[in-house]
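Dear colleague,

I am handing over the structure we spoke about, and below it I have set out what was found. Please read the notes with the model open beside you.

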Amino acid sequence: VPGGLCAKIDRWGGVVYRVENKDVALRLVAGLLYSISRGKGSIVYLNARKIATLLGLRGHLDAFSVSMLYGFLAMLGFEVVEQPRGKAAIINMRHQLIEKIKAVKSIDEAIQVIRKHLGE
């Protein structure tokens with residue numbers, strides 16, 4: 001289990017992850033944006049399944065954790081929209097924050113960029 005996540009087995013035998021606190025959620029958002037910034041394309045849609053895949057989880061995140069991640073993405077200036085099967089975040093690769101994250105060398109530096117952008 002990655003650090004800061006709690007894992008449980010649901011009744012169907014799948015793994016459900018839960019974020020323990022705000023700092024872990026911030027680290028996960030930084031990891032998401034770091035991995036997205038290394039890819040190609042102009043727009044990336046992030047639903048709950050794609051978030052779990054990009055984070056390298058073998059199960060899925062619970063609703064509270066996904067909501068917390070969407071909240072951070074909305075505070076960073078990305079659009080979060082309703083879809084027929086839940087929510088999705090729309091990441092524009094020309095966003096100012098993505099441009100800054102492209103320039104960093106590690107996820108730790110990306111965390112610092114995000115903290116500075118949030119004013120923490």
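Strands here are DSSP runs of E with at least two residues, numbered from the N terminus, and in that sense I91 lies in strand β6. Please keep in mind throughout that this is a predicted model.

I91 is a convenient place to begin. Its relative accessibility is 0%, and because buried means under 20%, I91 counts as buried. Across the pairing, V44 stands opposite I91, and the two strands concerned, β3 and β6, pair in the antiparallel sense over four bridges. In β3, which covers residues 43-46, the side chains alternate, with V44 and L46 pointing to one face and buried, whereas I43 and Y45 point to the other face and are not buried. This agrees with the general rule that in a regular strand the side chains alternate between the two faces of the sheet.

I91 also gives a link to helix α1, since the C-alpha atoms of I91 and L32 are separated by 11 Å although the two residues are 59 apart along the chain, and L32 is one of the buried residues of α1. The helix has 16 residues and reaches 22 Å from its first C-alpha to its last, close to the 22 Å expected at 1.5 Å a residue. Of those 16 residues 12 are buried, so α1 is largely enclosed by the rest of the structure. At the start of the helix, a side-chain oxygen of N21 reaches to within 3.3 Å of the backbone nitrogen of D23. S37 also lies in α1, which spans residues 22-37, and at 5% relative accessibility S37 counts as buried, while its side chain reaches the backbone oxygen of Y34 at 2.8 Å.

A separate point concerns the open sheet of three strands, whose order is β1-β2-β4 and whose pairing is mixed. β1 (5-9) and β4 (60-61) stand at the edges with a single partner strand each, so one side of each is left without a neighbour in the sheet. β1 and β2 (residues 15-19) run antiparallel and are joined by five bridges; among the partners in β2, R18 is the bridge partner of C6 and Y17 that of A7. The two strands form a hairpin with five residues between them, and in the turn G13 has a positive phi of about 90°.

Helix α3, residues 63-75, has 13 residues and reaches 18 Å from its first C-alpha to its last, close to the 18 Å expected at 1.5 Å a residue. Its buried residues are S65, V66, M68, L69, Y70, F72 and L73, and just after the helix G77 takes a positive phi of about 105°.

Which residues line the largest pocket? They are N47, A48, R49, V66, Y70, Q83, R85, G86 and K87, so V66 and Y70 of α3 appear here as well as among the buried residues of that helix. The volume of this pocket is about 200 Å³, and α2 (48-54), α3 and β6 (86-92) each supply at least two residues of its lining. By class, the lining has three nonpolar, three polar and three charged residues.

With kind regards

How values were computed
Residues numbered from 1 in each chain as written. Predicted model: local features only at pLDDT ≥ 70, side-chain atom pairs only at ≥ 80, totals over all residues. Heavy atoms only, no water. Expected span 1.5 Å × (residues − 1). Buried < 20%, exposed > 50% of the residue type's maximum accessible area, 1.4 Å probe, protein only. 1 Å grid on protein atoms, 1.4 Å probe; cavity = no way out; pocket = protein on both sides within 12 Å on 5 of 7 lines; lining within 4 Å. Points joined across faces, edges and corners; volume = space filled by probe spheres on them. Nonpolar A, V, L, I, M, F, W, Y, C, P; charged D, E, K, R; others polar. Pairing = 2+ DSSP bridges. Polar contact = N/O pair within 3.5 Å; in protein donor to acceptor, adjacent residues only side chain to side chain.
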